[in-house]
Amino acid sequence: MKRIAKFYKVSTKQFTEAWKDTFGSRNTEEEIGKIYEEIRIPVRATSGSAGYDFCSPDDFTLAPGETIKIPTGIRVRMEENWVLKCYPRSGLGFKYRLQLNNTVGIIDSDYYYSDNEGHIFVKMTNDTREGKTVELKKGAGFMQGIFVEYGITEDDEAEGIRNGGFGSTSGSV
């Protein structure tokens with residue numbers, strides 16, 4: 001196996017700002033600090049697992065049709081020509097039709113160096129057709145990330161430098 005990446009937590013400051021921006025006054029500064037301290041770095045469950053499990057930083061409930069944006073508190077440094085592809089955990093997708101709003105989350109290698117520290121956010125929707133409510137418990141795996149190597153065309157001349165997340169690599173959103 002190639003060892004090409006390492007997960008880290010974003011800074012306390014970055015996480016606190018993102019949490020407040022996402023959830024407003026849902027939590028006090030002290031509560032946000034406790035949530036941050038308990039964030040777990042993604043790991044594989046078994047030696048044969050392809051995906052690294054991202055764990056929920058807090059308890060969340062998604063009623064049918066509801067959407068949530070979750071700041072994970074995680075960033076990843078990886079070698080060039082690799083990407084982290086993020087998907088809902090298989091069981092959550094199968095049982096509840098829990099879906100990432102962008103279908104597959106793509107974390108590029110240069111995102112790590114962005115002003116927001118490469119903070120990985122997840123926007124998910126409970127798209128159940130069976131009226132099921134999803135309960136994401138703090139510390140439970142809810143998303144998996146898989147590293148994939150990619151190539152570029154022979155005539156590629158990209159020289160742009162990323163600074164940001166969604167829409168930061170092109171003029172269209």
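Reader: In which loop does Arg97 lie?

Author: This is a predicted model. Helix H3 covers 90–96, and strand E7 covers 98–100. Arg97 lies in the loop between H3 and E7.

Reader: What is the phi of Arg97, and how does its sign stand against the general rule?

Author: Most residues other than glycine have a negative phi. Arg97 is a residue other than glycine, yet its phi is positive. The value is near 60°.

Reader: Is Arg97 buried or exposed, or in between?

Author: Buried means under 20% relative accessible area, and exposed means over 50%. Arg97 has 31% relative accessibility, so it counts as partly exposed.

Reader: Where is Glu117, and what is its phi?

Author: Glu117 sits in the loop between strand E8 (105–108) and strand E9 (121–126). Its phi is positive, in a residue other than glycine. The value is near 65°.

Reader: Why does the end-to-end distance of helix H1 agree with its number of residues?

Author: H1 runs over residues 12–23, twelve residues. The expected span is 1.5 Å times one less than the number of residues. That gives 16 Å, and the end C-alpha atoms are also 16 Å apart, so the two agree.

Reader: Which elements do the buried residues of H1 pack against?

Author: The buried residues in H1 are Gln14, Phe15, Thr16, Ala18, Trp19 and Phe23. Just after the helix, Gly24 takes a positive phi of about 60°. The buried residues pack against helix H2 (29–37), strand E3 (60–62), strand E4 (67–71) and E9.

Reader: Which strands stand at the edges of the four-strand sheet?

Author: The sheet is open, with antiparallel pairing in the order E2-E11-E6-E8. An edge strand here has a single partner strand, so one side of it is left without a neighbour in the sheet. Neighbouring strands are turned by 30° against each other on average, direction ignored. The edge strands are E2 (52–55) and E8.

Reader: How many bridges join E6 and E11, and which residue stands opposite Cys86?

Author: Strand E6 covers residues 82–88, and strand E11 covers residues 141–149. They pair in the antiparallel sense over seven bridges. Opposite Cys86, in E11, stands Gly145.

Reader: Which residue in E8 does Lys85 stand opposite, and which way do the side chains of E8 point?

Author: E6 and E8 pair in the antiparallel sense over four bridges. Along E8 the side chains alternate: Gly105 and Ile107 point to one face and are buried. Ile106 and Asp108 point to the other face and are not buried. The residue opposite Lys85 is Ile106.

Reader: Why is there no disulfide at Cys55?

Author: A disulfide needs sulfur atoms within 2.5 Å. The closest cysteine sulfur to that of Cys55 is in Cys86, too far for a bond. A search of the whole structure finds zero disulfides. The distance between the two sulfurs is 13 Å.

Reader: Are Cys55 and Cys86 buried or exposed?

Author: The cut-off for buried is under 20% relative accessible area. Cys55 has 14% relative accessibility, so it counts as buried. Cys86 has a relative accessible area of 3%, so it too is buried.

Reader: What is the order of the three-strand sheet, and what angle does H1 make with E4?

Author: The sheet is open and antiparallel, in the order E4-E9-E7. E4 and E7 stand at the edges, each with a single partner strand. The twist averages 30° from one strand to the next. H1 packs on the sheet, touching E4 and E9, and its direction makes an angle with that of E4 of about 165°.

Reader: Which residue is the bridge partner of Pro71?

Author: E4 and E9 run antiparallel, joined by five bridges. In E9, the partner of Pro71 is Phe121.

Reader: Which residues have the most contacts inside the largest nonpolar core?

Author: That core has 34 residues. Outside its neighbours within four places in sequence, Leu136 is in contact with residues including Phe60, Leu62, Ile70, Leu92, Leu98 and Phe142. Those with the most contacts inside the core are Leu84, Leu136 and Phe142.

Reader: How far is Lys137 from Thr61 in space?

Author: Lys137 is in the loop between strand E10 (134–136) and E11. Its relative accessible area is 45%, so it is partly exposed. Leaving aside neighbours within four places in sequence, it is in contact with Ser56, Asp58 and Asp59. Thr61 is 76 residues away in sequence, but the C-alpha to C-alpha distance is 8.4 Å.

How values were computed:
Residues are numbered from 1 along each chain as its sequence is written. This is a predicted model: local features need pLDDT of at least 70, side-chain atom pairs count only at pLDDT 80 or more; totals for chains, interfaces and linings use all residues. Side-chain values use heavy atoms; hydrogens and water are left out. Helices (H or I, at least four residues) and strands (E, at least two) are DSSP runs, numbered from the N terminus. Buried means under 20% relative accessible area, exposed over 50%, partly exposed in between (1.4 Å probe, protein chains only). Contact means heavy atoms within 4.5 Å. Two strands pair if DSSP finds at least two bridges between them. Axes are lines fitted to C-alpha atoms, for helices over the stretch in contact, and angles run from 0 to 180 degrees between N-to-C directions. A nonpolar core is a set of buried Ala, Val, Leu, Ile, Met, Phe, Trp, Tyr and Cys residues joined through side-chain atoms within 4.5 Å.
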